[in-house]
Amino acid sequence: MSAMQESARPARFITLEGGEGVGKSTQALRLAERLRQSGIDAIETREPGGSPGAEMLRDLLLSGRTRELGAKGEAILFAAARIDHIDQKIAPALAAGTWVVSDRFADSTRAYQGTLGGLDAGFLRALERVALGDLRPDLTLILDLPAEVGLARAAARRGAGVASDRFEAESLAFHEALRKAYRDIAAAEPQRCVLVDATRSEDEVAQAIWDAVSYRLLGSTHAA
Ligand code: Z5A
């Protein structure tokens, strides 16, 4: 594909979602790098966080100190972080023609605070409307893995003696319910979401993700 055709393509917004330790951070970095190697301007980012204001809220949210606000209060804080992230980083990048790959986004609020926190769909829709405006991911890759495998990977990465974060410390039943919540999101929005089998090796998962991006967003021209 020529440089002119590349620059004519609108910048795309891709999100990676899934439970603890499924490989989102690893694959977000790899995907952004592969896009750049293909001649596409791309950045990786993450939630909660991605901008200075949102990183400040990340520390607060992951510390567990906001737990007493309940799922509704925490969902509003995650949305506040998301507004800053969109305004400061995602929207300017997309406007400049740069693709954005985000490690977590609004589906995390649906899964964690919505499904597991018991928030009703109307509240979540209203919150998304306020936080996202017209922005929606062009493609969401949902990495799917049995909960105990993801937790074991996360624990191995953390190393002995290091405390788990607030969500990681929840029960296995919580993480299994989380997996189901994500699978339900993928089934409900197949035009936006692709479910990726994350039990495979890092390289195999990266290739499956690249195949999905190529097919959905690049017209298969970059598949290899
Ligand atoms: N949260 C929320 O409640 N509501 C919201 O709206 C948002 C977030 C946005 C953020 O935690 C927490 O905030 C999250 C949900 C909540 N809590 N939880 N749980 P975080 O950002 O600190 O953590 P995380 O998002 O859960 O990600 P993670 O634990 O860092 O996992 P990951 O990014 O999916 O995986 P990874 O770091 O890429 O890989 C984990 C390890 O496995 C690592 O050692 C890798 O080398 C290894 N790995 C990766 N891929 C493979 C394969 N394929 N095979 C074998 N090993 C692998």
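This passage describes two helices, the pockets and cavities, and some unusual backbone angles in a predicted model.

A good place to begin is helix H2, which runs over residues 24–37. With 14 residues at 1.5 Å a residue, H2 should span 20 Å, and its end C-alpha atoms are indeed 20 Å apart, so the two values agree. Which residues of H2 are buried? They are Lys24, Gln27, Ala28, Leu31, Ala32 and Leu35. These residues cover an arc of only 135° around the axis, which means that they sit on the same side of H2. The spacing of such residues has a simple background: an α-helix has 3.6 residues a turn, so residues three or four places apart point the same way. The buried residues of H2 pack against four strands, namely S1 (13–17), S2 (42–46), S3 (99–103) and S4 (139–144), and also against helix H9 (202–217). After H2 comes glycine 39, with a positive phi near 90°.

Helix H9 can be examined in the same way. H9 has 16 residues, and the distance from its first C-alpha to its last is 22 Å, close to the 22 Å expected at 1.5 Å a residue. The buried residues of H9 are Val205, Ala206, Ala208, Ile209, Trp210, Ala212, Val213, Ser214 and Leu217. Their packing partners are S1, H2, S3, S4 and strand S5 (193–197). Just after H9, glycine 219 has a positive phi of about 60°.

Two further places in the backbone deserve a look. Most residues other than glycine have a negative phi, and most peptide bonds are trans. The peptide bond from glutamate 47 to proline 48, however, is cis, with omega near -10°. Proline 48 is found in the loop between S2 and H3. Arginine 104 is not a glycine, yet its phi is positive, at about 80°. This arginine 104 belongs to the loop between S3 and H5. Is arginine 104 buried or exposed? Its relative accessible area is 12%, and a residue counts as buried under 20%, so arginine 104 is buried.

The next topic is empty space. Rolling a probe the size of a water molecule over the atoms shows where such space is left. The largest pocket holds about 810 Å³. Its lining consists of 37 residues, and those closest to the centre are Gly21, Lys24, Ser25, Asp103 and Arg157. Two or more lining residues come from each of H2, S2, helix H3 (52–63), helix H4 (70–95), helix H5 (106–116), helix H7 (147–158) and H9. Which element gives the most to this lining? The answer is H2, with 6 residues. By class, the lining of the largest pocket has 15 charged, 12 nonpolar and 10 polar residues.

The second largest pocket has a volume of about 160 Å³. It is lined by Arg110, Gly114, Thr115, Leu119, Ala121, Leu124, Arg125 and Glu128. Here the elements that give two or more residues are H5 and helix H6 (121–132), and H6 provides the largest share, 4 residues. The lining of the second largest pocket divides into 3 nonpolar, 2 polar and 3 charged residues.

Cavities come next. How many cavities of 30 Å³ or more are there? The count comes to 2. The largest cavity has a volume of about 110 Å³. Among the 14 residues that line the largest cavity, Gly19, Val22, Leu145, His175 and Arg179 lie nearest its centre. S4, H7 and helix H8 (172–188) each give two or more residues to this lining. H8 gives the most, with 4 residues. The classes in the lining of the largest cavity are 7 nonpolar, 4 polar and 3 charged.

The second largest cavity contains about 60 Å³ of space. Its lining is made up of Ala75, Ala79, Arg82, Ala106, Thr109, Arg110, Leu124, Leu127, Glu128, Ala131 and Leu132. The elements H4, H5 and H6 each give two or more of these residues, and H6 gives the most, with 5. The lining of the second largest cavity has 7 nonpolar, 1 polar and 3 charged residues. Arg110 is one of the residues lining the second largest cavity, and Arg110 is also among those lining the second largest pocket.

Terms used
Residues are numbered from 1 along each chain as its sequence is written. This is a predicted model: local features need pLDDT of at least 70, side-chain atom pairs count only at pLDDT 80 or more; totals for chains, interfaces and linings use all residues. Side-chain values use heavy atoms; hydrogens and water are left out. The expected span of a helix is 1.5 Å times one less than its number of residues. Buried means under 20% relative accessible area, exposed over 50%, partly exposed in between (1.4 Å probe, protein chains only). The arc is that of the directions from the helix axis to the C-beta atoms. Contact means heavy atoms within 4.5 Å. On a 1 Å grid over the protein atoms alone, a cavity is a set of points where a 1.4 Å probe fits but cannot get out, and a pocket is an open set with protein on both sides within 12 Å along at least five of seven lines; lining residues have an atom within 4 Å of a point. Grid points are joined across faces, edges and corners, and a volume is the space filled by probe spheres set on the points. Ala, Val, Leu, Ile, Met, Phe, Trp, Tyr, Cys and Pro count as nonpolar, Asp, Glu, Lys and Arg as charged, and the others, Gly among them, as polar.
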